[in-house]
Amino acid sequence: SALNQAVRWGYIQINPAVNVSLPRMPAKRREVWTPEQALMAINLCTDPNLKTCILLAIGCSLRLGEILGLQWKHVHIDEKSLEDNSSTLEVKQELKRCYKNSLEDLEKMNRGNVYFKFPDVKECSNTSLVLKIPKTESSIRTVYIPNSVAVALQAQRAMQEKRKELLHGLYLDYGMVIALDDGRPTEGRVIDRAFKELIVSNGLPEVVFHSLRHLSTSMKLQVSGGDIKAVQGDSGHSQIN
C-alpha cells in the first residue's frame with residue numbers, strides 16, 4: 001500500500017511489489033483480558049494517567065494515539081450530562097511522533113494534515129511530536145462517555161488544576177487530558193511502559209495496551225445485543241468486518 005501511494009504521488013511509475021507472492025503467515029490470536037481482569041487492573045493501578053488511559057480505552061473504545069491526542073476542549077461533561085448519562089467526547093486528532101523531513105515533504109504537497117506541532121525538547125531531534133488528523137475518516141467521531149469514566153476525567157482535570165497552581169506559571173498548558181507533570185503531552189511509549197509495569201508487578205495476564213480496545217468492542221457487542229453497526233460507529237473502525 002505504501003508503494004501504491006508512492007505511485008499516486010508520482011515518486012515511482014509502477015509498484016514493483018504488485019506481482020510478489022506473499023508467504024503464508026500463521027494467524028496469531030491477540031490475548032485479551034476478561035472484564036474481571038480489566039476491573040482488577042483498574043483497581044490496582046496507582047498511576048492516574050495510566051488509569052485514565054485504561055478507562056478511555058475500555059469505556060470509549062479509543063486508540064492510544066486518540067487518547068493521548070485528546071484535549072479538554074473536546075470533552076463535554078457537566079452536571080446535566082452526568083445526571084442523564086449524556087457526556088461526550090470528540091475524536092478529532094491523534095498524537096504522533098513524525099520525522100521532520102516527512103512533515104516538510106507533506107506540507108510542500110499540501111498534505112500536511114497537522115493541527116499543531118509541539119516545541120522540541122531536544123534541538124538536535126530529527127522528529128517532532130504533533131497533533132494530526134486521524135488516518136481514516138471514520139476515526140473522526142463523537143463518543144458517549146460512561147459516567148464512571150466521566151467522573152474519572154473530572155478528577156484528572158482537578159488534579160491538573162492543582163498542579164498548575166503548584167508550578168506557579170511554569171506549567172505548559174496545551175490543554176491535554178493526558179499530560180506529564182509539567183503539562184507536556186505524554187507519548188505512547190510512556191504509557192506502554194507503565195502498562196507493562198502494572199502487569200508484571202501484579203501478576204496480571206500479559207496483554208498489549210491495544211487489546212483493551214478489543215475488549216471494549218466485545219463488551220459493547222454483548223451489551224448492544226450484537227448491534228455491529230452501532231459498535232462500529234463508536235469504535236471508529238473503517239470496515240465492519
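## Strands, sheets and pockets

User: Which residue in β6 does Leu89 stand opposite?
Analyst: This is a predicted model, so let's read its strand pairs as predictions. Four bridges join β2 to β6 (residues 141-144), and these strands run antiparallel. Within β6, the residue that stands opposite Leu89 is Val143.

User: Which residue stands opposite Leu89 in the β1 and β2 pairing?
Analyst: Strand β1 covers residues 75-76, and two bridges join β1 to β2 in the antiparallel sense. His76 has Thr88 as its bridge partner in β2. For Leu89 in β2, the residue opposite is Val75.

User: In what order do the strands of the open sheet with β1 come?
Analyst: Let's build the sheet one pair at a time. Strand β1 is joined to β2, and β2 is joined to β6. The edge strands, pairing on one side only, are β1 and β6. The three antiparallel strands of this open sheet therefore follow, with strands taken as DSSP runs, the order β1-β2-β6.

User: Are the residues of β2 that point either way from the strand buried or exposed?
Analyst: Strand β2 spans residues 88-91, with Thr88 and Glu90 pointing one way. Leu89 and Val91 point the other way. Buried means under 20% relative accessible area, and on that scale all four named residues are buried.

User: Now the other sheet: what is the order of its strands, β3, β4 and β5?
Analyst: Look at the edges of this open, antiparallel sheet of three strands. Its edge strands are β3 and β4 (114-117), each of which pairs on one side only. From one strand to the next, the twist averages 40 degrees. The order is β3-β5-β4.

User: Over how many bridges do β3 and β5 pair?
Analyst: Two residue pairs help you find this pairing on the structure. Tyr99 stands opposite Thr127 in β5, and Glu94 has Lys132 as its bridge partner in β5. The pairing of β3 and β5 is antiparallel, and its number of bridges is six.

User: And over how many bridges do β4 and β5 pair?
Analyst: Try locating Phe116, which stands opposite Leu131 in β5. Here too the strands pair in the antiparallel sense, and the number of bridges is three.

User: How many of the residues of β5 are buried?
Analyst: We can go through the strand by direction. Thr127, Leu129 and Leu131 point one way, Ser128, Val130 and Lys132 point the other way, and all are buried. Strand β5 is mostly covered, and out of its six residues the number buried is six.

User: At what angle to β3 does α6 run?
Analyst: Start by finding what α6 touches. This helix lies across β3, β4 and β5. Compared with the direction of β3, α6 runs at about 100 degrees.

User: Which element gives the largest share of the lining of the largest pocket?
Analyst: The largest pocket holds about 760 Å³ of space. Its lining has 26 residues, and those closest to the centre are Glu94, Lys96, Lys132, Ile133 and Lys135. At least two lining residues each come from α1 (2-8), α4 (64-68), β3 (94-99) and α6 (100-108). The largest share, four residues, comes from β3.

User: How many residues of the lining of the largest pocket are charged?
Analyst: Sort the lining by class. Eleven of these residues are nonpolar and seven are polar. The number that are charged is eight.

User: What volume does the second largest pocket have?
Analyst: Let's place this pocket before giving its volume. Both β5 (127-132) and α8 (188-202) supply at least two residues of its lining. By class, the lining has nine nonpolar, three polar and six charged residues. The volume of the second largest pocket is about 370 Å³.

User: Which residues lie closest to the centre of the second largest pocket?
Analyst: The lining of this pocket consists of 18 residues. Closest to the centre are Arg97, Val121, Leu129, Arg184 and Glu187.

User: Stepping back, what share of the residues of the protein count as buried?
Analyst: The protein has ten helices and six strands. Its C-alpha atoms fill a box of roughly 55 × 50 × 40 Å along the principal axes. Of its 241 residues, the share that count as buried is 38%.

Key:
Residues numbered from 1 in each chain as written. Predicted model: local features only at pLDDT ≥ 70, side-chain atom pairs only at ≥ 80, totals over all residues. Heavy atoms only, no water. 1 Å grid on protein atoms, 1.4 Å probe; cavity = no way out; pocket = protein on both sides within 12 Å on 5 of 7 lines; lining within 4 Å. Points joined across faces, edges and corners; volume = space filled by probe spheres on them. Nonpolar A, V, L, I, M, F, W, Y, C, P; charged D, E, K, R; others polar. Pairing = 2+ DSSP bridges. Axes fitted to C-alpha atoms, helices over the stretch in contact; angles between N-to-C directions. Contact = heavy atoms within 4.5 Å. Buried < 20%, exposed > 50% of the residue type's maximum accessible area, 1.4 Å probe, protein only.
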